Amino acid sequence: MALSVKGMERVFSMRRNGTGIQLPDPNPDFTPDEVMSYYSNLYPELTTSTVHGPLFKDDTVQYEFRTVIGTKG
C-alpha cells in the first residue's frame, strides 16, 4: 500500500470593523508575510499588521493578521 503525502490547506483571516474576514491563499509558495503583503493593496491596514499563527485546526493551518494601530496596552 503506497502512502500519499498531501499538504494542509492554509487559511488566512483578519478583522475589519469588528467583522471577521477569510482570505483565500493566493499562492501556496508564498510565506505568510508575503500573503499579508499581497493583500495589503486591498486592505491597507495590513501594512501595519503582524502575522499570528500557525494554528492547526480541522486539517487546516490557520494564520491571523492582527493590526497594531488603534490598540492600547
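E64 makes a good way into this predicted model: its relative accessible area of 25% makes the residue partly exposed. From there we can visit its salt-bridge partner, the other charged pairs, the well-connected R10, helix 1 with the nonpolar core, the aromatic rings, and finally T50. The residue E64 pairs with R66, their side chains meeting in a salt bridge at 3.2 Å, N to O.

**Salt bridges**

- The count of salt bridges in the model comes to three.
- In the pair formed by E64 and R66, the arginine R66 is partly exposed, with a relative accessible area of 40%.
- A second bridge brings the side chains of R16 and E45 together at 2.9 Å, N to O. This pair links distant parts of the chain, as R16 sits in strand 1 and E45 in the loop between helix 1 and strand 3, 29 residues apart.
- Both ends of that bridge count as partly exposed: R16 has 31% relative accessibility, and E45 has 22%.
- Another bridge joins D25 and R10, whose side chains meet at 2.8 Å, N to O. Because D25 belongs to the loop between strand 2 and helix 1 while R10 belongs to strand 1, the pair ties together parts that are 15 residues apart in sequence.
- Here the two partners fall on either side of the 20% limit for burial: D25 is partly exposed, at 24%, whereas R10 is buried, at 14%.

**R10 and its surroundings**

- Which backbone oxygens does the side chain of R10 reach? One is that of N27, at 3.0 Å, and another is that of F30, which lies 2.8 Å from a polar side-chain atom of R10.
- R10 is found in strand 1. Leaving aside residues up to four places away in sequence, R10 touches D25, N27, P28, F30, T31, P32, V35, V61 and Y63.
- Two residues on that contact list, P32 and V35, are also among the buried residues of helix 1.

**Helix 1 and the nonpolar core**

- Helix 1 spans residues 32–39, and its buried residues are P32, V35, M36 and Y39. Viewed down the helix axis, these residues fall within an arc of 100°, so they line one face of the helix.
- What do the buried residues of helix 1 pack against? Their partners are strand 1 (9–16), strand 2 (19–23), strand 3 (49–57) and strand 4 (60–67).
- The largest nonpolar core has twelve residues: F12, M14, I21, L23, V35, M36, Y39, Y43, L46, V61, Y63 and F65. Strand 1, strand 2, helix 1 and strand 4 are the elements that give two or more residues to this core.
- In soluble globular proteins, nonpolar side chains tend to be buried together.
- I21, one of the core residues, touches F12, S13, M14, R16 and Y43, not counting residues up to four places away in sequence. The contact with R16 brings in a residue that also takes part in the salt bridge with E45.

**Aromatic rings**

- The structure holds four aromatic pairs. One of them joins F30 and Y38 in a tilted arrangement, with 6.2 Å from centre to centre and 55° between the planes.
- Y38 also pairs with Y39: the ring centres are 5.1 Å apart and the planes stand at 90°, so this pair is edge-to-face.
- How accessible are these three residues? F30 is partly exposed, at 26%, and Y38 is partly exposed as well, at 46%, while Y39 is buried, at 10%.
- Elsewhere, ring pairs link F12, Y63 and F65 into a cluster; these residues are also members of the largest nonpolar core.

**T50 in strand 3**

- T50 lies in strand 3 and is partly exposed, with 34% relative accessibility.
- The side chains of T50 and H52 are joined by a polar contact of 3.0 Å.
- Beyond residues up to four places away in sequence, T50 touches M36, E64, F65, R66 and V68. That list takes in both E64 and R66, the salt-bridge pair from the opening.
- T50 and P32 are 18 residues apart in sequence, and their C-alpha atoms are 9.8 Å apart in space.

Technical notes:
Residues numbered from 1 in each chain as written. Predicted model: local features only at pLDDT ≥ 70, side-chain atom pairs only at ≥ 80, totals over all residues. Heavy atoms only, no water. Buried < 20%, exposed > 50% of the residue type's maximum accessible area, 1.4 Å probe, protein only. Helix = DSSP H or I, 4+ residues; strand = E, 2+ residues; numbered from the N terminus. Arc of directions from axis to C-beta. Contact = heavy atoms within 4.5 Å. Polar contact = N/O pair within 3.5 Å; in protein donor to acceptor, adjacent residues only side chain to side chain. Phe/Tyr/Trp six-rings, centres within 6.5 Å; stacked < 30°, edge-to-face > 60°. Core = buried A, V, L, I, M, F, W, Y, C linked by side-chain atoms within 4.5 Å. Salt bridge = Lys/Arg side-chain N within 4 Å of Asp/Glu carboxyl O.
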